[in-house]
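Student: Could we take a close look at one part of this protein together? I would like to see how one piece fits into the whole.

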Amino acid sequence: MPTERLSIDHIREVLRLHYSVGMSQRAVARSLGLAQGTASKYLNRTRLAGLAVAARAG
């Protein structure tokens, strides 16, 4: 069975909690009820796209 996709709002919340609030990947996943690998996947895609610096800037 295919995995359910996250909404863009959910992905934004992963990024906000990690970059703005400073939460760890594990804490972000736990607070949003996601698998740790899911949070990691979205954060890694952000880094690879070169958006991690922009996310930190605000």
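Which residues of α1 are buried?

Tutor: Happy to help! Keep in mind that this is a predicted model. Let's begin with the whole protein, which has four helices and zero strands, so reading along the sequence gives the pattern α-α-α-α. Of its 58 residues, 28% count as buried.

Now to your helix. α1 covers residues 8–21, and its 14 residues should span 20 Å at 1.5 Å a residue; the end C-alpha atoms are 18 Å apart, which agrees. The buried residues of α1 are I11, V14, L17, H18 and Y19. Here is a helpful idea for reading such a list: an α-helix has 3.6 residues a turn, so residues three or four places apart point the same way. Just after α1, G22 takes a positive phi of about 90°.

Let's pick H18 from the helix. Its relative accessibility is 19%, and buried means under 20%, so H18 counts as buried. Leaving aside residues up to four places away in sequence, H18 touches M23, S24, Q25, V28, L43 and R47.

One of those partners, Q25, leads us on to another helix. The side chains of Q25 and S40 are joined by a polar contact of 3.4 Å. S40 lies in helix α3, which runs over residues 36–48, and S40 is buried too, because its relative accessible area is 18%.

Finally, step back to the whole protein again: among contacts with a separation of 6 or more, 45% are between residues 24 or more positions apart.

Methods
Residues are numbered from 1 along each chain as its sequence is written. This is a predicted model: local features need pLDDT of at least 70, side-chain atom pairs count only at pLDDT 80 or more; totals for chains, interfaces and linings use all residues. Side-chain values use heavy atoms; hydrogens and water are left out. Helices (H or I, at least four residues) and strands (E, at least two) are DSSP runs, numbered from the N terminus. The expected span of a helix is 1.5 Å times one less than its number of residues. Buried means under 20% relative accessible area, exposed over 50%, partly exposed in between (1.4 Å probe, protein chains only). A polar contact is a pair of N or O atoms within 3.5 Å; within protein, one must be able to donate a hydrogen and the other to accept it, and residues adjacent in sequence count only if both atoms are side-chain atoms. Contact means heavy atoms within 4.5 Å.
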